[in-house]
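Thanks, everyone; I would like to take a few minutes to walk through one model, starting from its interior and working outwards. Please have the sequence and the structure open while I talk.

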Amino acid sequence: MTLKNKSMHENYSLKNIRAIIQTFVCPTCGGKLFFHDSAFICACSKRYPIKNDIVLLNKKISRDDVKLSLRSWNKLYRKQNKINISYQEALQNSYIQAYLHFVKKHMINDYFIDIGAGSGMMALVVNKLYKKNPILIDFSLDALFEAKENFKSNKANGIFVCADITQNIFKKNSNQFFFSAMSLEYFKNLEEVFDHLHTALVKRGRLVFIIPKISLSTLTYHQLKSGDIPHVFGLKHLYEFIHLKILRGRYLKTGYNLSYTISRIKKMVTKSGFKIIYAGNLIMDYQFNSISNQMIKSLFKYIVKFSLFNPLMVFVIEK
Ligand SMILES: C[S@@+](CC[C@H](N)C(=O)[O-])C[C@H]1O[C@@H](n2cnc3c(N)ncnc32)[C@H](O)[C@@H]1O
Ligand SMILES: [Zn+2]
């Protein structure tokens with residue numbers, strides 16, 4: 001069956017089908033996707049079904065780092081259940097405010113693909129402010145269920161895709177704008193992912209991303225909160241050994257996760273062919289919600305303003 005004669009019982013909208021076919025390829029062979037019998041299919045015979053409006057564009061995960069991260073995120077999402085968040089509430093969030101500053105300036109034609117969208121707060125805000133249907137990608141189905149609920153309660157429209165960003169999922173030279181907030185640090189092969197995102201963008205297409213920066217916060221507070229492996233010669237292997245071999249991943253609460261220096265990321269993206277438009281600390285009102293002691297919380301909120309403590313950086317890069 002072709003796109004034109006889609007029958008009524010396949011209640012996935014034609015607009016969404018088009019968006020998926022224009023954006024993604026088969027993660028197994030890189031081939032073109034077609035819509036047939038309520039699923040996306042490829043000439044290599046792979047079938048990617050749609051479950052509760054979520055396109056399951058995943059092939060089996062073979063990497064140990066990604067498997068550990070997926071297990072950890074699924075567990076967290078099952079526990080937290082952040083649903084029924086209103087768009088107005090999301091808009092007040094200090095992270096969203098900080099992200100919006102960059103997205104407003106760099107988004108092209110209101111085209112928005114959120115890589116590692118989580119419970120969908122940013123995509124929800126983008127849908128409400130700019131009226132386009134964002135595409136939300138996450139490898140955790142639990143995250144996307146939450147995102148979908150949040151979209152539903154806010155009467156918002158989005159396209160939900162369960163996929164692993166370390167697999168080659170995007171169509172070449174087809175995408176105008178990617179956004180990713182704190183989601184590119186959960187695997188080892190970031191260089192390859194940058195190469196893939198570069199290939200996927202159209203000329204002048206942009207990627208805005210937020211990623212952890214090696215800082216006195218990531219080396220202290222974040223070690224206790226969710227574990228963190230600094231991507232720096234010598235330290236990386238030591239921290240991997242402690243976290244993975246001695247502690248057996250117990251303190252890596254969000255899975256395998258790395259922090260980087262600004263110069264390392266600059267080198268990686270330049271090597272992939274990107275031009276750097278902006279690179280710097282993400283300045284925002286950090287909340288430190290997991291600290292209950294008010295004095296310690298105030299101390300962290302004060303010192304995080306200094307670059308040495310600032311835990312996140314933001315990049316705007318262009319093909
Ligand atoms: C820290 S959360 C950020 C969520 C959201 N972007 C935000 O700012 O609130 C990281 C998200 O990245 C997702 N993620 C991690 N590794 C991924 C991968 N390889 N492919 C797709 N999603 C991934 C996780 O499931 C999680 O939802
Ligand atoms: Zn295929």
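Let me begin with the largest nonpolar core, which holds 82 residues, and in which Val55, Met122, Leu136, Ile137 and Val161 touch the most other members. By such a core I mean a set of buried Ala, Val, Leu, Ile, Met, Phe, Trp, Tyr and Cys residues joined through C-beta atoms within 7 Å, where buried means that 20 or more other C-beta atoms, placed from the backbone, lie within 10 Å of a residue's own (12 or fewer is exposed, and in between is partly exposed). This core draws at least three residues from each of domain 1 (1-49) and domain 2 (52-318), the bounds coming from an automatic or database domain assignment.

I should say that this is a predicted model, in which local features need pLDDT of at least 70 and side-chain atom pairs count only at pLDDT 80 or more, while totals for chains, interfaces and linings use all residues. Residues are numbered from 1 along each chain as its sequence is written, and chains are lettered from A and ligands numbered from 1 in the order in which they are written.

Staying with Val161, its contacts (C-beta atoms, placed from the backbone, within 7 Å) are Val55, Leu57, Ile135, Leu136 and Ile137, leaving aside residues up to four places away in sequence.

How far apart do the C-alpha centres of domain 1 and domain 2 lie? They are 27 Å apart, and the contact takes 13 residues from domain 1 and 17 residues from domain 2. On the domain 1 side, the elements giving two or more residues are α1 (14-23) and β3, with α1 giving the most, five residues; helices (H or I, at least four residues) and strands (E, at least two) are DSSP runs, numbered from the N terminus.

Turning to the strands, which pair if DSSP finds at least two bridges between them, β1 (residues 33-36) and β2 (residues 39-42) run antiparallel over four bridges, and Phe35 stands opposite Phe40. In their hairpin, with two residues between the strands, Asp37 takes a positive phi near 50 degrees. β2 also pairs with β3 (residues 47-51), antiparallel over three bridges, and there Ala39 stands opposite Pro49.

Finally, the buried residues of α2 are Asp65, Val66, Ser69, Leu70, Ser72, Trp73 and Tyr77, and what covers them includes α6 (141-153). Just after α2, Asn81 takes a positive phi of about 45 degrees.

How values were computed: Contact = placed C-beta atoms within 7 Å.
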